[in-house]
Amino acid sequence: MNTLKTQVAIIGAGPSGLLLGQLLHTQGIANVIIERVSGEYILGRIRAGILEQGFADLVREAGVAERMDAEGEIHEGFYVANNGKSHRIDLEKMTGGKVVVCYGQTEITRDLMKAREGAGLQTFYESSDTQLHDVNRETPYVTFKNNGEDFKLECDYIAGCDGFHGVSRKTIPEDKRTEHERVYPFGWLGLLSDTPPVSEELIYAKSERGFALASRRSATRSRYYLQVPLTDKVEEWSDDRFWDELEKRLPEEDAKKLVRGPSIEKSIAPLRSFVCEPMQYGNLFLVGDAAHIVPPTGAKGLNLAASDVATLYKIMTRVYHDGDKSCIAQYSEIALRRVWHGERFSWWMSNMLHDFGDTKVNDMDAETFDRFMSSELDYFMNYEEGRRVVANQYVGMPYEDLH
């Protein structure tokens, strides 16, 4: 068996694992990443593209923001349409100048991969049989197979950035963790196309036919979503059928500007709210989707992962620079505070904007629930106080400092 040593072992080479690794590297903290799939596979996953100010600043601190700052689009607001009537949420005005950056997760990941490779940092892609050992002791280690060889990675700490289905969360004994979950009765059908977006800012559209989102990746690349039943299959949705349905769900003035084209990618993602408490067990720290999942309605998934990274990065910096290990116990408390805010906002936005059909929600029959949510949406869109609440939650809370 090959034995390696590092300070922080990172499980998972998605954007959160790569960002954490790059930030630690800037502070001279050694780290090794172990990833189950190939880099090409990771780059093929089409995910979120709205970055909160805190995330963008963290990327700059990591020294990998050159392309994001050159190509990313600053969004000062977005639209919410309710059965054809649009309301603009002015982020900059309502939040005292805060905005978001539109830059695809795939591009962030690509930039981080390039930076890691350029720095000569070690990443083991296509690893199998990864197992975490002695995470509740002073000397944890990770075993895995790579290119037919067995490895043992000795470390001080382990960051579990390996997603919902990864090994990290499952390493925590069941009697030491509590999992909260809500599965929604619908999914999002997403389509990516090299066509000009229908709007310069995102449009969240509620209609009698269901929810739709008009998003974008650039001035020439669009990302659109439709609420669909969980029983639907991607193969049932031709490009023409998708465009026809999207046109019916968007406000009329926006639908007229819709440019159709062949899809680059289409997929259906189920929606769920999920939180694992605590996010720490001994010297193992859960980061991002390994600990929490949000429905994408509030654009919080990637951003919550970044806030976990920011907290863990601050802790590791204090541990290695100041020799202060007392801050380690703060991780779960600080991370979960922001996670639950993001979960609540995403749940709330999902409830207001989606059609739950005949499903009973929160012990209410479907008609009663729909009336409540319609009234909720009416208030938060038609009153400045309501729009201000939405705007401040959308741009995200400031990252919390350690005690």
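## Pockets, a cavity and helix α1

The second largest pocket has a volume of about 270 Å³. Its lining counts 17 residues, and G104, T106, E107, R217 and R221 are the closest to the pocket centre. Helices α4 (66-71) and α6 each supply at least two residues of this lining, with α6 giving the largest share, four residues. Please keep in mind as you look around that this is a predicted model.

Now for the enclosed space. How many cavities of 30 Å³ or more does the structure hold? There is one, and about 40 Å³ of space lies in the largest cavity. P15, I42, R45, Q105, T106 and T109 form its lining. Helix α6 (residues 105-118) gives the most here, with three residues. T106 is worth a look in both places: this residue lines the largest cavity and is among the residues closest to the centre of the second largest pocket.

The two linings can be set side by side:

| Space | Volume | Nonpolar residues | Polar residues | Charged residues |
|---|---|---|---|---|
| Second largest pocket | about 270 Å³ | five | five | seven |
| Largest cavity | about 40 Å³ | two | three | one |

P15, one of the cavity-lining residues, brings us to helix α1 (residues 15-26). At 1.5 Å a residue, the twelve residues of this helix should span 16 Å, and its end C-alpha atoms are 16 Å apart, so the two values agree. Is α1 mostly covered or mostly uncovered? The helix is mostly covered, with ten of its twelve residues buried. P15, S16, G17, L18, L19, L20, G21, Q22, L23 and L24 are the buried ones. Their packing partners are β2 (8-11), β3 (31-34), α3 (53-61), α6, β13 (157-160) and α10 (301-322). After α1 comes G28, with a positive phi near 75 degrees.

L20, buried in α1, also leads into the nonpolar interior. In soluble globular proteins, nonpolar side chains tend to be buried together. In this model the largest nonpolar core has 73 residues, and L20, M68, V142, I158 and M316 have the most contacts inside it. Helix α10 provides the largest share of this core, nine residues. Another core, of 34 residues, lies apart from it and includes C102, F369, M381 and V395.

Which residues does L20 touch, leaving out those up to four places away in sequence? The list is I10, A159, C161, V309, L312 and Y313. Of the elements that pack against the buried residues of α1, α10 spans residues 301-322, and V309, L312 and Y313 are among the contacts of L20.

Methods. Residues numbered from 1 in each chain as written. Predicted model: local features only at pLDDT ≥ 70, side-chain atom pairs only at ≥ 80, totals over all residues. Heavy atoms only, no water. 1 Å grid on protein atoms, 1.4 Å probe; cavity = no way out; pocket = protein on both sides within 12 Å on 5 of 7 lines; lining within 4 Å. Points joined across faces, edges and corners; volume = space filled by probe spheres on them. Nonpolar A, V, L, I, M, F, W, Y, C, P; charged D, E, K, R; others polar. Expected span 1.5 Å × (residues − 1). Buried < 20%, exposed > 50% of the residue type's maximum accessible area, 1.4 Å probe, protein only. Contact = heavy atoms within 4.5 Å. Core = buried A, V, L, I, M, F, W, Y, C linked by side-chain atoms within 4.5 Å.
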